[in-house]
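Visitor: Please take a close look at one part of this model, the packing around its buried helical residues, and then follow that picture outwards as far as it leads.

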Amino acid sequence: MNTGIEKKKKNHGNHEKHNGEHESKIKIRPMEIDDIAPAFHLGEKLFTLRNLPNLYRIWDEYEIIDFFNSSSDYCFSAIADGKFVGFLLGTVIEKSKRRKYGYLVWTGVQHDYNGMGIATSLFNAFKNKMLDEDVMTIVVDTQADNTHAIEFFKRKGFKDPQAHVYMTLELDK
């Protein structure tokens with residue numbers, strides 16, 4: 001990501017970054033209830049029918065509310081210049097007492113803040129939380145043509161991308 005970003009603080013729950021070019025102070029923190037509406041509206045801008053139709057079909061206000069209610073420990077917000085600029089929603093799936101998976105379900109950053117390391121900082125906050133929870137594997141998925149996300153996750157160490165078939169059936173009434 002942008003090499004003009006340096007870490008100011010490093011801990012699992014509250015990360016701050018400073019971008020030398022834009023002088024924007026970036027703070028990553030656990031999602032708060034007041035972040036629900038801005039996260040939803042940012043998702044509406046990012047997950048459009050034209051750009052990401054599969055994600056568009058399942059993105060709605062209940063996604064944020066459900067994650068916040070059921071998995072708030074794994075939801076993070078990015079704040080820059082005092083405003084909401086990004087989010088990450090995740091959860092933990094426990095298959096057995098010895099096998100837990102972290103599932104990174106949604107992440108988004110406002111276009112004006114791309115390239116500032118915000119997605120990386122959100123991911124790192126989530127990854128650190130997964131390490132704290134003794135999770136052994138983090139799983140992500142996205143549309144097969146979402147090359148930006150696929151490349152991002154590869155840079156983070158994810159391997160072995162698998163094709164996923166998504167089908168729809170229009171019902172006649």
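Guide: The buried residues of H1 pack against three elements, namely helix H3 (61-71), strand S5 (83-96) and strand S6 (99-109), where a contact means heavy atoms within 4.5 Å. This is a predicted model, in which local features need pLDDT of at least 70 and side-chain atom pairs count only at pLDDT 80 or more, whereas totals for chains, interfaces and linings use all residues. Residues are numbered from 1 along each chain as its sequence is written, and side-chain values use heavy atoms, with hydrogens and water left out.

Helix H1 itself spans residues 36-46, and its buried positions are Ile 36, Ala 39, Phe 40, Leu 42, Gly 43 and Leu 46. Around the axis they cover an arc of only 165°, which puts them on the same side of H1; the arc is taken from the directions that run from the helix axis to the C-beta atoms. Buried here means under 20% relative accessible area, exposed means over 50%, and partly exposed lies in between, with a 1.4 Å probe and protein chains only. Helices (H or I, at least four residues) and strands (E, at least two) are DSSP runs, numbered from the N terminus.

Strand S6 also leads to another helix, for what covers the buried residues of H5 includes S6, helix H4 (118-132) and strand S7 (137-140). Within H5 (residues 147-155), the buried residues are Ala 149, Phe 152 and Phe 153. Seen down the axis of H5, these residues fall within an arc of 95°, so they line one face of the helix.

The aromatic residues carry the picture further, as the structure holds 4 aromatic pairs. Rings of Phe, Tyr and Trp (its six-membered ring) pair if their centres lie within 6.5 Å, and planes under 30 degrees apart count as stacked, over 60 as edge-to-face and the rest as tilted. One of these pairs joins Phe 123 and Phe 158, which are edge-to-face at 5.9 Å centre to centre with 65° between the planes. Phe 123 lies in helix H4 and Phe 158 in the segment after H5, so the pair ties together parts that are 35 residues apart in sequence. Phe 123 counts as buried, because its relative accessibility is 3%. The rings of Phe 152 and Phe 153 have their centres 5.2 Å apart and their planes at 75°, so this pair too is edge-to-face. Both Phe 152 and Phe 153 are buried, and ring pairs link Phe 123, Phe 152, Phe 153 and Phe 158 into a cluster.

Some backbone details belong to the surroundings of H4 and H5. Just after H5, Gly 157 takes a positive phi of about 105°. Asp 160, found in the segment after H5, has a positive phi of about 55° although it is not a glycine, and Asp 160 is exposed, with a relative accessible area of 56%. In the loop between H4 and S7, Asp 134 is likewise not a glycine yet has a positive phi of about 60°, and Asp 134 is exposed at a relative accessible area of 59%.

As for the setting of these elements, the chain has 5 helices and 7 strands, which follow the pattern β-β-β-α-α-α-β-β-β-α-β-α along the sequence. Of its 173 residues, 39% count as buried, and among contacts between residues at least 6 apart in sequence, 58% join residues at least 24 apart.
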